[in-house]
Amino acid sequence: MRASDSPLDHFKSEGDLNVSPRRASWSTQHINAETRHWLEEDAKYFLHQSLSTPCLNVLRGCDGANIEDSEGRRLLDFHGNNVHQAGFSHPRVIEAITRQMKELSFCTRRYTNLPAIQLAKKLTELAPGNLKRALFAPSGTGAIGMALKLARAATGRFKTISMWDSFHGASLDAISVGGEAIFRHSIGPLLPGCEHVPPPDCRHCPFKCGAACNLSCADYVEYVLEKEGDVAAVIAETVRSTPFIPPLDYWKKIRAACDKHGALLILDEIPTGLGRTGKMFAVEHYGIVPDMLVLGKGLGGGVFPLAALLAREDLNRAMPDQALGHYTHEKNPVACAAALATLEVIESENLLENTRRLGEYAVGRFRELMAKHSLIGDVRGLGLLLGLELVKDRLTMHRATDEAEQVMYHALSRGLNFKLTMGNIITLTPALTITREEMDRAIEILDECLLEEGNLKRNA
Ligand SMILES: Cc1ncc(COP(=O)(O)O)c(C=O)c1O
């Protein structure tokens, strides 16, 4: 008998759980004594928490689209925490960092520096509309916190509307607007005034419009805006890196509703901005401009933690009595040099074009896999933000979480690393520098793993 739904499924929104029996059995087969020693040391000194510690394996290298473990196994990294737009250790990024470290390695408060100024200028030039102001932070979570503070300061209101299942970071303010159980349960009171609504996920829509989506979820946001009457901001991921990809008119409706009810629109593109979807910013697919846009992850070139809040020019109200960020590494020159080099790589190597081309190619190949493997219930993609949803039954779309976990461990054994979201969505986010050959290799591995899982299921 195969395991059915586990009581832990509820917590599988952000990734696979690091306590599953399948993980233990994978480790027994694949981890040698020396690696085990280091994993035990890691588990001895780090605080244990869901999703990360104890860890699965130890890495010793990363380059381009690949990671290499301490036993020399190379894996295509289709996870990369979405930091590897330019690929890992891109020579131009590493060179820019090295040069900057030798010149000015830190910027003491009260001073500014050229890489920081140039980065603020570059980002505000690239950003759509009137997003002409920037503020940096050392983490996406920190930048989300700054956005929430700015929304309060600008509107004089404090309430927010955000989405169930969303993720905006791990701090108390970010989990208050976030919608994932694994971050919110058993932690005590969160920020007041954080209303949650269903996300635009056609496949699991509580309004049940399904394929004939009439955007009831967007109407509901407007309904809550009207009922509450004093909402400061709607905050959401433009496209969910799960991924679910909102219908084209979704953001137009939300933009209009925010304008009507005096709420600001904050879009979180921490994992999906900077080219991941085939445009520099995901919101460019939707033809609207938010009031604030939050970037992070790959901004630091996959080396430095760096995030940015971009805001409308008129939200820049000099506030001598109010700090928004004030982080120690706010204008870290090395991180900013890494970001400038990353943007240069994205532009000069035509990574947006590569992302669109290989993204479309992958979706086509995944549709072929769907015709072959009944486990695949849905295929989604926007640029190189790709998802295969595994289901027990295509009619009910019942999540095949157990099967998805099995496929993931098969794939790890064959050299492909990816994230599972909501327990059953194979989420694929390779480096934007990936080649067609690397993509073909990843698809071949997925095909083999789905076949193996299908055979196991039939023989069970
Ligand atoms: C959508 C989204 N927002 C915010 C964050 C938080 O970013 P950080 O981990 O840099 O604090 C993440 C991180 O995964 C994210 O995916």
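In this predicted model, helix α3 (residues 91-103) packs against helix α10 (residues 333-348) at an angle of about 155°, and their axes lie 8 Å apart. Because angles over 145 degrees count as roughly antiparallel, α3 is described as roughly antiparallel to α10. The crossing of α3 past α10 is right-handed. On the α3 side the contact is made by R92, V93, A96, I97, Q100 and M101, and these meet P333, V334, A337, A338, A341, T342, E344, V345 and S348 of α10. Sorted by class, this contact of α3 with α10 holds ten nonpolar, three polar and two charged residues.

Helix α10 has a further partner in helix α4 (residues 114-126), and here the packing angle is about 40°, with the axes 8 Å apart. That angle makes α4 oblique to α10, and the crossing of the pair is left-handed. From α4, the residues P115, A116, Q118, L119, K122, L123 and L126 take part, meeting P333, C336, A337, A339, L340, L343 and E347 in α10. The contact of α4 with α10 comprises eleven nonpolar residues, one polar residue and two charged residues. For readers following along in the structure, P333 and A337 of α10 are worth picking out: they appear in the contact with α3 and again in the contact with α4.

Turning to the strands, seven of them form an open sheet of mixed pairing, in the order β4-β10-β9-β8-β7-β5-β6. The edges are formed by β4 (133-137) and β6 (194-197), each of which pairs on one side only. From one strand to the next, the twist averages 20°. Helix α8 (residues 216-228) packs on this sheet and touches β5 (159-163), β6 and β7 (231-237); the direction of α8 makes about 155° with that of β6. At the β4 edge, β4 pairs with strand β10 (residues 307-311) in the antiparallel sense over five bridges. One place to look for this pairing is F136, whose bridge partner in β10 is A308.

Another set of paired strands involves strand β15 (residues 425-428). Both faces of β15 are covered, with I425 and T427 buried on one side and I426 and L428 buried on the other. Strand β15 pairs with β12 in the antiparallel sense over four bridges, and within that pairing T427 of β15 is the bridge partner of G387. Strand β14 (residues 416-421) also runs antiparallel to β15, to which it is joined by three bridges. Here T421 stands opposite I425 in β15. Thus T427, the partner of G387, and I425, which faces T421, are on one side of β15 and are both buried.

The backbone offers a few details that are easy to check by eye. In the hairpin of β14 and β15, three residues lie between the strands, and M422 takes a positive phi near 55°. Residue M397 likewise has a positive phi, of about 55°, although M397 is not a glycine. M397 is placed in the loop between β12 (385-393) and β13 (398-399). The relative accessibility of M397 is 7%, so with the limit for buried residues set at under 20%, M397 counts as buried.

A further positive phi is found at D165, where the value is near 75° in a residue other than glycine. D165 sits in the loop between β5 and α6 (172-177); β5 is one of the sheet strands touched by α8. With a relative accessible area of 24%, D165 is partly exposed.

Finally, R365 in helix α11 (residues 351-372) is linked by contacts to a part of the chain that lies further along in sequence. Leaving aside residues up to four places away in sequence, R365 touches D440 and I443. R365 and E444 are 79 residues apart in sequence, while their C-alpha atoms are 10.0 Å apart in space. The relative accessibility of R365 is 23%, and R365 therefore counts as partly exposed.

Conventions:
Residues are numbered from 1 along each chain as its sequence is written. This is a predicted model: local features need pLDDT of at least 70, side-chain atom pairs count only at pLDDT 80 or more; totals for chains, interfaces and linings use all residues. Side-chain values use heavy atoms; hydrogens and water are left out. Two strands pair if DSSP finds at least two bridges between them. Helices (H or I, at least four residues) and strands (E, at least two) are DSSP runs, numbered from the N terminus. Axes are lines fitted to C-alpha atoms, for helices over the stretch in contact, and angles run from 0 to 180 degrees between N-to-C directions. Contact means heavy atoms within 4.5 Å. Angles under 35 degrees count as roughly parallel, over 145 as roughly antiparallel, 65 to 115 as roughly perpendicular and the rest as oblique. A crossing is left-handed if the near helix is turned anticlockwise from the far one by less than a right angle, and right-handed if clockwise. Ala, Val, Leu, Ile, Met, Phe, Trp, Tyr, Cys and Pro count as nonpolar, Asp, Glu, Lys and Arg as charged, and the others, Gly among them, as polar. Buried means under 20% relative accessible area, exposed over 50%, partly exposed in between (1.4 Å probe, protein chains only).
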